[in-house]
Amino acid sequence: MNADERRSKKKGLSAFICVHLRLNSSGLSRRKFLSAAIVGLIPKTDPSIEGGFVFESQQWGHRIRDRASFPAPKRQVKIPVAIVGGGIAGLSAAWRLDKKGFRDFVLLEAESAGAGGNARWGENEVSAYPWAAHYLPIPNRSAVYVRELCEEFGLLKDGRWDEMTLCFSPQERMFIHGRWQEGIEPERKWLAPFEERVAEFRASKKFTIPMELGGHDSPLDKLSMADWMRQEKLNSPALDWYINYCCRDDYGALAADTSGWAGIHYFASREHEEKGPLVWPEGNGWLARRLIDKLRGYIRTGAPVHRIAKRGTRWSVFAGDVEYQADSVIFAAPTFTAEYIVEGASHVDFQYSPWLTANLTLQRMPRDNGAPLSWDNVIHDSPALGYVDNTHQSLRRYIDRTVLTFYWALAQGTPAENRRLLLSHDWNYWKEAILTDLERAHPDIRQCVSRIDILRMGHAMARPVPGFLASESRRRAIAGGGRLYYANSDLSGFSIFEEAQYRGVKAADKILSG
Amino acid sequence: MPIVLFVSVFLIAACGLVYELIAGTLASYLLGDSVFQFSTVIGCYLFAMGIGSGLSRYIGRGLVARFISIELMVGLLGGFSSSILFLAFAYTQAFRLILYLLVVLIGILVGLEIPLLMRILKDRFSFKDVVAHVLTFDYLGALGASLLFPILLVPKLGLVRSALVFGLINAGVALWSTYIFKDQLGQPHVTRFSCAVVVAMLIAGMFGAERISAAADNNLYADEVIFARDTRYQRIVLTRWKDDIRLFLSGHLQFSSRDEYRYHEALVHPGMSAVPNARRVLVLGGGDGLAVRELLRYPGIDSITLVDLDPEMTHLFTNHPYLSELNGHSFRSPKVHVTNADAFPWLEEHRDSYDFIVVDFPDPTNYSIGKLFTTSFYRLMGRHLARNGVAVIQSTSPLFARQSYWCIVETVKQAGLRAYPYHVYVPSFGEWGYVIASLEPYEPPMTLPAGLRFLTVAGLPEIFRFPTDMDWVDAEPNRLNDQVLVRYYDKEWSEIAH
């Protein structure tokens, strides 16, 4: 791509990225020249970087959206319960049914590579790595099912959290003013007034996880997080950056597009019984993997459900060339897809944030200035969220190769624009965008990376926009009906493990209670 | 009058030689292999002087002004040469490049000096006198400098200040020349002003010399470097001063051959002698083989397993004539099994238990080493202890890093082990601390092996007593998810280095 092509793009984010690419490409050559002059006199060329897009499912998704026709089923299977979707919500519904001794069900997962949803993971010769969710905060006592799962998997024993899983020091660092500093929080003087307000909200006990247990209507949901900050006169640039970062990180949205209630929930809902979070090289894939191993007998992979229709008292669930005739259905896939799949389902007004994640395999560690490589590494002046080091929990003293997971919530501009942007550019474009972003902090990153695999997700997670709490379609979806129960974490407004698990367990309980 | 001119020649010749010696010495100090460093530095320097002499023919008019500005440039570059090189070594990856660049630049400038001076003088004296006198004083200056440098300059002034002093001499010659040749100089006031600026800068450098050395300190060694190697894991440096050999790993002193017996006797015997019938011993770290030397005093030991990260380290201490003599050729004992592995995963992967475990890691200067001082590590270590077994942990200085020391003690306790802190005095380290960790109550031994130079049975109770200034202080335990020890350590040692 040449500079003119780049300049001709007019859309917000695209232009934004391009400006950065252009600016940095001139900076890059200067840096390259300098480092060549100082280090070896021989300019080093970029070693070839391999990679591509992974888990591309847009085509299939768009066929469903466009109501394409699918071949008739080859066989029928009668089954009391069908779970649609093998992310954490679907797996948790299965976990609950199995635990309660209910064994007559299938879990239908579209992906042929395996279940996992936003807890998908990968592994290569260097390390395992996550594709999306990469940690579990220490669950509150109110998150009883999460704690039950943690005990089952040996993470919580006699009230103590497994020290090999608690995130090792150093946890976080941020690249700012040309060097890495420990921690990403703003100075006390900016943070303290905000934390005082948060402490009041926490004391109110209305901000809980699962969120369903707390209060439901709140005036805070009527305005955006950014508006609330202004209203409270919490407007220092440092705090503003931090709150925006947190909203981008958790909801894929800017503070201006996030419900004030959700923005506060992130801070006010957590107790701090131990210095966490719980982390693994493969992120939440560690949890997904164990759930999948346990529930292997119920899971049908490569079974994309394209239609669910009422036939008398039963539901016909069409997955690939099989028609499952089920008494009850747990719909654990993203709720917005129901409109296109479930007969009679109406449109939901949920919004979703588009994301890009990338796994970078490093053959050597990049040079650093300041605080040492941490678990979470944030670049202050970046539109992206930074990266996670997947070998962080290694017990080794000396580590010379790693896999970094790079996160980028496309929060600037509208989701629809950004979805188009994600699809309209090739792997090479995104590879350059990622490397250019990382070069701010690691001038030699190109010499370190041997592979970049990229996952683009148009609807990566639910976005809790102002008004989501009071949303009528959210209420309807939670209620379900006709023995079809929705279970995706988007019913909570935001995509976190605890909410997905809670929704899955509750859907299973509705079936168990008849 | 002529003698004054030839004194100038003497001085600039001395300056030129001193910069060359400084570059050669610094390169040998910092990189080791002094034959190579001196040969290449002298070669480059002489070659560059040749370039300078050749270039002198392109200088036509205004000879005196040019000569003075060259003197000032030599004074500045040469004067700050050792500062630049020290800082380059400490803060950049490009020490060699900067070294040779500096040598060539100074060489070219110095190469210009004598031809220009000869041309300035050629109208005042006959050619044969100019050549004879200039060259005589040039070589005399070289002799003076080469004698002064090792005898007076390096011991009294150090490298940073020596260079600055000679920079001042160059600037002095420049200033002086503005008076001697004032009839051949267009604007003597302007020239004198630039001389004054250079002199001021060099004097300021003299006052800042202390800070320059301190800034580069982490990577500097007081004595001659006799071995230096960057391995995959660390930088190994050996220095020698008379009979004192010192080992530095990544800039941190590990031992001095003069008093290491104190450190290693105290590390091994209070714990080892207290274990009855100890047969199996594990050493974690300790790639210098000195702890193993002490262990081999116990004939009852059947096997010693040593786990050290760096194969180059154990290889060096197995094969280097002096170093293997220092550790009594301990790595050649058939009882000793050397494994090069990362200690934490190694402990996780193995199941054996040991009667005595020596934990001799470098101080917790960063989070990577800090992992080896955590509750998780000690709990794992405890699982490798035989029922009556004892472990000993090198635990930094309870005097200089008091909270760090007691943090390690607290960490051992939090790991469910009994902790017995003790300390000894090692001159090259200062007061040094250890912790004995055990499952069963520990009592100091009633006997020690024969032939010790430092420890006595009667003196043992004393090492377990802590004077007020290094007695217990409150500290959090060091845990993998909250490495307080690295923060304590960083704070305490940076206070000492101020």
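How are H4(A) and H10(A) oriented to each other? They are oblique to each other, because their axes pack at an angle of about 45°, outside the ranges that count as roughly parallel (under 35 degrees) or roughly perpendicular (65 to 115). Please keep in mind that this is a predicted model. Here is a friendly tour of that helix pair in chain A, then of the sheet and domains of chain B, and finally of the contact between the chains.

**The helix pair in chain A**

- Helix H4 of chain A covers residues 88-99, and helix H10 of chain A covers residues 285-295.
- In general, two packed helices are described by the angle between their axes and the distance between the axes.
- For H4(A) and H10(A), the axes lie 10 Å apart, and the crossing is left-handed.
- From H4(A), the residues that meet the partner helix are A:Ile88, A:Leu91, A:Ala94, A:Trp95 and A:Asp98.
- H10(A) answers with A:Ala288, A:Leu291, A:Ile292 and A:Leu295.
- Sorted by class, this contact holds 8 nonpolar residues, no polar ones and 1 charged residue.

**The sheet in chain B**

- In chain B, 7 strands make up an open sheet with mixed pairing, and their order is E7-E6-E5-E8-E9-E11-E10.
- Its edge strands are E7 (336-340) and E10 (418-426) of chain B, each of which pairs on one side only.
- On average, neighbouring strands of the sheet are turned by 15° against each other, with direction ignored.
- Strand E6 of chain B (residues 303-308) runs parallel to E7(B), and 5 bridges join the two.
- Within E7(B), B:Asn340 is the residue that stands opposite B:Asp308.
- Helix H15 of chain B (residues 402-414) lies across three strands of chain B: E9 (385-394), E10 and E11 (430-438).
- The direction of H15 is at about 5° to E11(B).

**Domains of chain B**

- Chain B is divided into domain 1, spanning 2-219, and domain 2, spanning 258-496.
- Taken over C-alpha atoms, the centres of domain 1 and domain 2 of chain B are separated by 51 Å.

**Where the chains touch**

- Chain B brings 23 residues to the contact, and chain A brings 15 residues.
- On the side of chain B that touches chain A, helices H12 (343-349), H13 (367-370) and H14 (375-383) of chain B each supply at least two residues.
- By class, that side of chain B has 10 nonpolar, 8 polar and 5 charged residues.

Methods:
Residues are numbered from 1 along each chain as its sequence is written. Chains are lettered from A and ligands numbered from 1 in the order in which they are written. This is a predicted model: local features need pLDDT of at least 70, side-chain atom pairs count only at pLDDT 80 or more; totals for chains, interfaces and linings use all residues. Axes are lines fitted to C-alpha atoms, for helices over the stretch in contact, and angles run from 0 to 180 degrees between N-to-C directions. Helices (H or I, at least four residues) and strands (E, at least two) are DSSP runs, numbered from the N terminus. Angles under 35 degrees count as roughly parallel, over 145 as roughly antiparallel, 65 to 115 as roughly perpendicular and the rest as oblique. A crossing is left-handed if the near helix is turned anticlockwise from the far one by less than a right angle, and right-handed if clockwise. Two residues are in contact if their C-beta atoms, placed from the backbone, lie within 7 Å. Ala, Val, Leu, Ile, Met, Phe, Trp, Tyr, Cys and Pro count as nonpolar, Asp, Glu, Lys and Arg as charged, and the others, Gly among them, as polar. Two strands pair if DSSP finds at least two bridges between them. Domain bounds come from an automatic or database domain assignment.
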